[in-house]
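Open the model in your viewer and keep the selection tool at hand. The stops below say what to select next and what is there.

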Amino acid sequence: MKVLVADKISPKGVAFLRAQTGIEVIEAYGSSAEKVLELVKDVHAIAVRSETKITAEVLAAAPLLKVVGRAGVGVDNVDVEAATERGVVVMNTPSGNTIATAELTFTHMLCGARPVPQAAASMRGGQWDRKSFSGIELFRKTLGIVGLGRIGSEVAKRAQAFGMRVLAFDPYLAPSRAKAMQIENVSLDELLAQADYITVHMPLTDDTHYMIDEGAFEKCKKGLRIFNCARGGIIKEAALLAALKSGKVAAAGLDVYEDEPLAADSELRKLPNVTLTPHLGASTAEAQESVGIEIAEQIADVLRGGVIRNAVNMPSLDAASLKVLGPYLDLGAKLGTLVQQIGPQQIASLRITYWGRIVDLDSNAITRAIQQGFLRRISGESVNFVNSPVMLERLGVKVEVIKSGENSSYTELIHVEALAADGSRHSAAGTLIGKTNQRRIVAINERGVEVDASGKLLLIENRDQPGMIGYVGTLLGKDGVNIANMSLSRQEAGQTALMVINLDSEPSAAARAELKNHAAIKLAKFVHL
Ligand SMILES: NC(=O)C1=CN([C@@H]2O[C@H](COP(=O)(O)OP(=O)(O)OC[C@H]3O[C@@H](n4cnc5c(N)ncnc54)[C@H](O)[C@@H]3O)[C@@H](O)[C@H]2O)C=CC1
Ligand SMILES: O=C(O)CCC(=O)C(=O)O
């Protein structure tokens, strides 16, 4: 078996792989995209950090590939969807570089408070300038942390040790969890208005992209200091540049950029009050040793047909169980993400109920698939089958699993219900149909429907009155959106009706707004499964 080590990982990790019987290691760092296409043609595994891009083209050029191992958290450089389609396991090492990244963030915060890099450059230039480099203290200032996960929590502890007041915005985190860390969990607007320092620590998702833009900067205090050691694009660079130039932002520290590597002529490089590092969050000896060894061990396990750990696109299971459980895992993940998207952001508990044949299977793996699906849009690629229960626990979400001995109307059924602290409940149920195990959603919010559990869904709750189906169909038609399937449900004539529509493409923002504004439509929600 050949393993291509495409980016520089810890020599201890490479040595571990070389020591395995039957594994040949090819080390090729910094290869061009063309060279990578050539190198992968007969490899079974690829180990990367963030430099080498594992695109759909690379995956297509690697017919023997079984696993891509990322020595780090973010798998943005891997086309995970294409890998999943090809049955290639993509795995990461979610916690090996947490401390390193938290410490780099803190270094940036200190440099934002005290212009140490600028003073050091002036000393190197032969000067003795004691006037230009005075700063401010962290002590008694307010730090706003956006995203209180692994790294955000470690930054919080360090800030508290420096005597800072810590606020956090993390809509998925239970208030009790923030309280236990003595952190005030506030809204994003409150955080923006109160913080002297802001640092962001979440994945780049549709929700977090440009979260800090011109509008957000307007809500901040003048003289704000802001830091991003998570992912480029969470802070809009153009808005940051404008805020730095206007004096609204007094200092910024960035480790990550909208486009990496950062262009040599980027304006960010020219501003005196900005400290930039070239994506060094995980670059400590300890973190690299930890993630390098971990990924080498994980890759060797997969190649031996053993346990799959920290996979971002597959359960940690052996091949035989995966074959039986595969359709249930997929259905579970779809139900999880559906319930997350139709419910409120803060959930107190998830109740999962199994009926029928499924009760005798390894429902632990299915439960994890549901949890992973639920967390998909919250934690991005860092969530996997291994860490999804811990991540839900960290968010303060309790998981209850019921294996029901009672009969249901289906041979087997999975029901997922999200219960919010305010008592509201949102749910979805699904089953497998036919010899090919087609995934079907058979109920949403306890109303019977029948739609494919895949792709793009439009959920509409409307007053049950004539003309609604025609109205929705015409509106989508005008928007160029084709309806693949539609299911209707109502409890009583004239009351609330539910339409669930499988769409071939996403409706435009204008079409969605028009739906929401219709007097008879109570809810119009577009959901991506
Ligand atoms: N600069 C570097 O070299 C490194 C960067 N990273 C990046 O740091 C980021 C955070 O990593 P971890 O703390 O390990 O992840 P994590 O998954 O432990 O934490 C992410 C947190 O973000 C929260 N979140 C998700 N969507 C949110 C939203 N819309 N608003 C506010 N909070 C939201 C989640 O609830 C979660 O608590 C990731 O993007 C990761 O790729 C990680 C390691 C090294
Ligand atoms: O490998 C690296 O240096 C990048 C680390 C990173 O960004 C991550 O783990 O998400």
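Start by selecting Ile46: beyond its neighbours within four places in sequence, it is in contact (C-beta atoms, placed from the backbone, within 7 Å) with Leu4, Ala6, Val40, Ile54, Leu65 and Val68. This is a predicted model, in which local features need pLDDT of at least 70 and side-chain atom pairs count only at pLDDT 80 or more, while totals for chains, interfaces and linings use all residues. Residues are numbered from 1 along each chain as its sequence is written, and chains are lettered from A and ligands numbered from 1 in the order in which they are written.

Add Ala47, Val90 and Ile299: with Ile46, they have the most contacts inside the largest nonpolar core, which has 151 residues. Such a core is a set of buried Ala, Val, Leu, Ile, Met, Phe, Trp, Tyr and Cys residues joined through C-beta atoms within 7 Å; buried means that 20 or more other C-beta atoms lie within 10 Å of a residue's own.

Next, show the open parallel sheet of seven strands, ordered β8-β7-β6-β9-β10-β11-β12. Strands are DSSP runs of E, at least two residues, numbered from the N terminus, and two of them pair if DSSP finds at least two bridges between them. β8 (184–185) and β12 (274–276) are the edges; each has a single partner strand, so one side of each has no neighbour in the sheet.

Select 142–146 and 165–169: these are β6 and β7, joined by five bridges. Ile145 has Ala168 in β7 as its bridge partner.

Last, select 457–529, which an unreviewed UniProt entry lists as "domain: ACT" (an annotation that may be inferred rather than shown by experiment). The end C-alpha atoms of this stretch are 8 Å apart.

Technical notes
Buried ≥ 20, exposed ≤ 12 C-beta atoms within 10 Å, placed from the backbone. Contact = placed C-beta atoms within 7 Å. Helix = DSSP H or I, 4+ residues; strand = E, 2+ residues; numbered from the N terminus.
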